[in-house]
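Biologist: Could you take me through one part of this model up close, the surface around the DNA strand, and then show me how the rest of the protein fits around that picture? I'm a first-year student, so plain words please.

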There are 2 protein chains.
Amino acid sequence: MTAPVQPFSMPPEAAAGTPDHDGSALDRIGAIQRETLGERVTGELRALLVAGRLAPGEKLSLRRVAEALGVSMMPVREAVSRLAADRALEVLPGRAVRVPVLTLAQFRELTRLRLVVEGFAAEEAARKATPQDIARVTSYDAAFRKAASADPPDSAGAVAANRDLHFALYEAAGMPGLIEMIERLWLKAGPILNIDMRDEPRRLKGGSAMQAHARLLDALRSQDAAAARAALEDDIAAAATHIEETGQLSA
Amino acid sequence: MTAPVQPFSMPPEAAAGTPDHDGSALDRIGAIQRETLGERVTGELRALLVAGRLAPGEKLSLRRVAEALGVSMMPVREAVSRLAADRALEVLPGRAVRVPVLTLAQFRELTRLRLVVEGFAAEEAARKATPQDIARVTSYDAAFRKAASADPPDSAGAVAANRDLHFALYEAAGMPGLIEMIERLWLKAGPILNIDMRDEPRRLKGGSAMQAHARLLDALRSQDAAAARAALEDDIAAAATHIEETGQLSA
DNA sequence: CCAACCTAACTGTGATCACAGATCACGACA
DNA sequence: TGTCGTGATCTGTGATCACAGTTAGGTTGG
């Protein structure tokens, strides 16, 4: 089992019942945490995928993942089934489920789709972002800068901050369905985009990401949709170019 | 059980083995049909959703669907799990799985996403469509016209031909991942878009769809990407307007 | 006549078992 | 030494069972 899957922390399922001494106590307690085990496993695997903690071609076993997570095989089946429906995992006909290995053509198509969809999201975000939205993006940008320019670079921190920065931006667009679409794209791109980070984070040194983020923030502050799209497109394109040159893409 | 789910036709799983008397007989037989029951059920439910045969708010029961399809509950669970991951179905916390009921805001966001994504697909298709691609779209257009102008109108046929026409167009773009994205959008929009068709197909009478399709074909033939996008956007917008006016969208 | 309770039926979730098929390592044969 | 068969082992798939929670309908008490 090479998959770095961690067992759940298993909090005591939240103390949802602590009654407020305010009259409308029953209105306060809103829909206590109702998450099935299957959803939890799905979230766990999704996080691993976007963070590049699962390498392209890496094989997973339902039983092993189940054992690693301390659950039965059933919730893992559900999670894998969902992710396979999104092409974030693939189940080979006879045997095993693995992280898809993208061909160069597939990676380029994925990048084009990201340019279209995330570019649109950036435009929309630039138009509608509130000061609070901009503040959130700014704080993630600071975290990214800090992680990227540390010595040695904090790859995991940079990947996480980059993800938070982008999705804080997209959430400013106020379109939940759009975010779902982008999450699916990241699920496919994550393994190939971030796999190299964990070993050799030299890509961060170039600073092209930090530059693009800075331009993005300027565009947000001036509500310049076209500039926001351009900055984001550069960010995506720079990363894609790096992967095409150094990454391991199949024929 | 109100869901019009039909049992599988269950063909004898194809005679994949008939050996060719040509030397390279083993090269001929390529990857026999490998489809799990879960995938089959998924496809069945997807078809019902995009065709509007399942109404928004309609409740499904795993056991009943399983019984109607002549399979165990297990493949249905997998199918519902996948569709729920795409928000094409929703599982209510305590009870039952149902077809989502879109709010007006959700429907409008969905329409905007369709304009962005399918508009891009139309542009790309106009640039890359081969004569064969155009011929395919043309034949589906003919089928749509015939179904729509029949008396009484053949609603089911029109819905199917419209779907085939659009996806023939999108396939001309040559981007599989893009098609998946669009399929997911149609999965969400299908129930609300096509639900009224089955009872009162008067929307077809307006002829706005046929007009948009004609303009789309002209744009394809002249490889005019901008015109193709414009025609498709009109098609989508016209249908959306009709739904907003007559459809049953929740608050 | 209405409201509250209560019971029986049904829901999705999760676990466990059975099974066909694929993989891989080992060993026999050429 | 190289190649092919073969069996042990592991894979996902599907079926069946158990269970907690919810719903709906009938019944009782006011």
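Modeller: Sure, and keep in mind that this is a predicted model. Let's begin at DNA strand C, which has 19 residues around it. The closest are A:Leu37, A:Ser72 and A:Arg95 from one chain, plus B:Arg34 and B:Arg63 from the other. If you sort the residues of this surface by type, you get 8 nonpolar, 5 polar and 6 charged.

Which helices do they come from? In chain A, α2 (37–50) and α4 (73–85) each supply at least two residues, and in chain B, α3 (62–69) and α4 (73–85) do so too. The largest share belongs to α3(B), with 3 residues.

Now flip to the DNA side. Of the strand C atoms within 4 Å of the protein, 67% are part of sugar or phosphate, and the rest are in bases. You can pick out some individual polar contacts here. A polar backbone atom of A:Leu37 sits 2.5 Å from a phosphate oxygen of the strand. On chain B, the side chain of B:Ser61 places a polar atom 3.0 Å from a phosphate oxygen, while B:Leu62 has a backbone N or O atom 3.2 Å from a phosphate oxygen.

So much for the DNA; next, how do the two chains go together? Turn chain A by 180°, with a shift of 0.0 Å along the axis, and it can be laid on chain B with an RMSD of 0.1 Å. The two copies are therefore related as by a two-fold rotation axis. In chain A, the residue that comes closest to that axis is A:Arg82, whose C-alpha is 2.4 Å away. Both copies use the same surface to meet, as 100% of the contact residues of chain A recur in chain B.

That contact takes 27 residues from chain A and 27 residues from chain B. About 2500 Å² is buried between the chains, and carbon and sulfur atoms give 58% of that area. Three residues, A:Glu109, A:Arg112 and A:Met181, supply 19% of what chain A buries against chain B, more than any other three.

Let's zoom in on one of those three. A:Arg112 is in helix α5 (residues 104–128) of chain A. Across the interface, A:Arg112 is in contact with B:Phe120, B:Glu124 and B:Met175. Is A:Arg112 buried, partly exposed or exposed? Its relative accessibility is 33%, so A:Arg112 counts as partly exposed. Within its own chain, the C-alpha of A:Arg112 is 9.8 Å from that of A:Glu233, although 121 residues separate the two along the chain.

Finally, have a look at some backbone oddities. Most residues other than glycine have a negative phi, and most peptide bonds are trans. A:Asp151 and A:Pro152, however, are joined by a cis peptide bond, with omega about 0°. A:Pro152 is in the loop between α6 (131–149) and α7 (155–172) of chain A. In chain B, a cis bond likewise joins B:Asp151 and B:Pro152.

The other oddity is A:Gln223, which has a positive phi of about 55° without being a glycine. You'll find A:Gln223 in the loop between α10 (208–221) and α11 (225–246), and it is exposed, with a relative accessible area of 52%. In chain B, phi of B:Gln223 is near 55°, and B:Gln223 is exposed at 51%.

Key
Residues numbered from 1 in each chain as written. Chains lettered and ligands numbered in written order. Predicted model: local features only at pLDDT ≥ 70, side-chain atom pairs only at ≥ 80, totals over all residues. Heavy atoms only, no water. Helix = DSSP H or I, 4+ residues; strand = E, 2+ residues; numbered from the N terminus. Buried < 20%, exposed > 50% of the residue type's maximum accessible area, 1.4 Å probe, protein only. Contact = heavy atoms within 4.5 Å. Near = heavy atom within 4 Å. Polar contact = N/O pair within 3.5 Å; in protein donor to acceptor, adjacent residues only side chain to side chain. Nonpolar A, V, L, I, M, F, W, Y, C, P; charged D, E, K, R; others polar. Least-squares fit on C-alpha atoms with pLDDT ≥ 70 in both. Buried area = accessible area lost by both parts, 1.4 Å probe. Lists of a residue's contacts leave out its neighbours within four places in sequence.
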